[in-house]
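Thanks for sharing this one. Below are a few numbered notes to read with the structure open beside you.

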Amino acid sequence: MSRAAADVIASRIKEDPRCVLGLATGSTPIGLYAELVNDCNAGEISFGEVSTYNLDEYRGLAGDHEQSYRHFMQKHLFDLVDVDPAATHVPDGANDDAEAACWDYEQSIFEAGGIDLQLLGLGHNGHIGFNEPSDEFPVNTHLVKLHERTIEANSRLFDHIDEVPREAYTMGVGTIMHAAEILVVASGSDKAQIVYDAFFGPVTPQVPASILQLHPNVTVIVDEEAGALCV
C-alpha cells in the first residue's frame, strides 16, 4: 500500500517538479513517507522545488512540541529529503488567534495556486483532516473541536489522554475538494467499515470523507483488511 501510494506522489513530482503537495499525518502515511525518502536518497525524485501544505495542526502546540504535526513531518519527511524548509507549511498551532491563524493559512494556499495533489488519511468516524462529522461540510480552514473518538484514537501518541489537545486548526472540506487530485490511504481491519461507508454509502457531512465521491480525480489505496467490505 505504502509503495503504491508513494508511486502516485513520486509520479506527480516527476511530472511537475514545482508541484504543491497537500500532506497528512497519522500512522498510515509513515510507510509512504519512508518510501519517498528512499526515492529521494536514490536520486529518483527531488523535493527541491516542491511546496507542501499540511492538513492540520493541534491548537496550542508549538512546532517544536514532540506531538505537534510539524514535528511529525520533520521527523518522517522534511528533515530526510532535500525540501526547502521555507516551502513546508503547517498551520500555526502556537497562534491562539484562531481567526488569524486560519485566514493566514487559507490565503497561503490560495497564493500558492492551490493544492495539486492532496494526501488524505481516513479517521474511524470518517474525518478527513480534522473535519469531524457534523451537520454541514465546513468550507475553509477553521478551528474545530475534536470528537472524543478522535481524542481517544490520538491518545496513543501521548503519555495520557488528558494531554491530547481538544482543538485543532484544519483545512476545510472546500479547501480539500479544490485540490486537483486527491490520494486517500487507509489500512487495517478497524478501517474496513468506514472505508465502505465513505466510498459506497450516501454523501453526508456525518461521514465527511463521503464528499470525496463528488471529486473528479480521487485515488483510494487500501490494504486487504481495510478493503475487506468493498469486494
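**Notes on the predicted model**

1. Let's begin with one acidic side chain. Asp39 has its place in helix 2, which covers residues 29–41. Please keep in mind as you read on that this is a predicted model.

2. Is Asp39 buried or exposed? Its relative accessible area is 6%, and because the cut-off for buried is under 20%, Asp39 counts as buried. Which residues does Asp39 touch once its neighbours within four places in sequence are left aside? The contacts are Arg3, Ala10, Glu44 and Ile45, so if you click on Asp39, these four are good to have on display too.

3. Now to the sheet. Three strands form an open sheet in the order 3-7-6, and their pairing is antiparallel. Strand 3 (56–58) and strand 6 (142–145) are the edge strands; each has a single partner strand, so one side of each has no neighbour in the sheet. On average, and with direction ignored, neighbouring strands here are turned by 30° against each other.

4. A closer look at one of the pairings may help. Strand 3 and strand 7 (residues 167–170) run antiparallel and are joined by three bridges. If you would like a landmark for this pairing, find Asp56, which stands opposite Thr170 in strand 7.

5. Next, the pockets. The largest pocket has a volume of about 470 Å³. It is lined by 27 residues, and the closest to its centre are Thr25, Gly26, Leu122, Gly123 and His127. Which element supplies the largest share of this lining? That is helix 5 (residues 148–154), with four residues. Sorted by class, the lining of the largest pocket holds 13 polar, nine nonpolar and five charged residues.

6. The second largest pocket has a volume of about 280 Å³. Its lining is made up of 14 residues, and those nearest the centre are Glu66, Gln67, Phe72, His76 and Leu157. Helix 3 (residues 69–76) gives the most to this lining, with five residues. By class, the lining of the second largest pocket has seven polar, four nonpolar and three charged residues.

7. A short recap for your own notes: Asp39 is buried and sits in helix 2. The open sheet has the strand order 3-7-6. For the pocket linings, look to helix 5 for the largest share in the largest pocket and to helix 3 for the most in the second largest.

Note on methods
Residues are numbered from 1 along each chain as its sequence is written. This is a predicted model: local features need pLDDT of at least 70, side-chain atom pairs count only at pLDDT 80 or more; totals for chains, interfaces and linings use all residues. Side-chain values use heavy atoms; hydrogens and water are left out. Two strands pair if DSSP finds at least two bridges between them. Helices (H or I, at least four residues) and strands (E, at least two) are DSSP runs, numbered from the N terminus. Axes are lines fitted to C-alpha atoms, for helices over the stretch in contact, and angles run from 0 to 180 degrees between N-to-C directions. On a 1 Å grid over the protein atoms alone, a cavity is a set of points where a 1.4 Å probe fits but cannot get out, and a pocket is an open set with protein on both sides within 12 Å along at least five of seven lines; lining residues have an atom within 4 Å of a point. Grid points are joined across faces, edges and corners, and a volume is the space filled by probe spheres set on the points. Ala, Val, Leu, Ile, Met, Phe, Trp, Tyr, Cys and Pro count as nonpolar, Asp, Glu, Lys and Arg as charged, and the others, Gly among them, as polar. Buried means under 20% relative accessible area, exposed over 50%, partly exposed in between (1.4 Å probe, protein chains only). Contact means heavy atoms within 4.5 Å.
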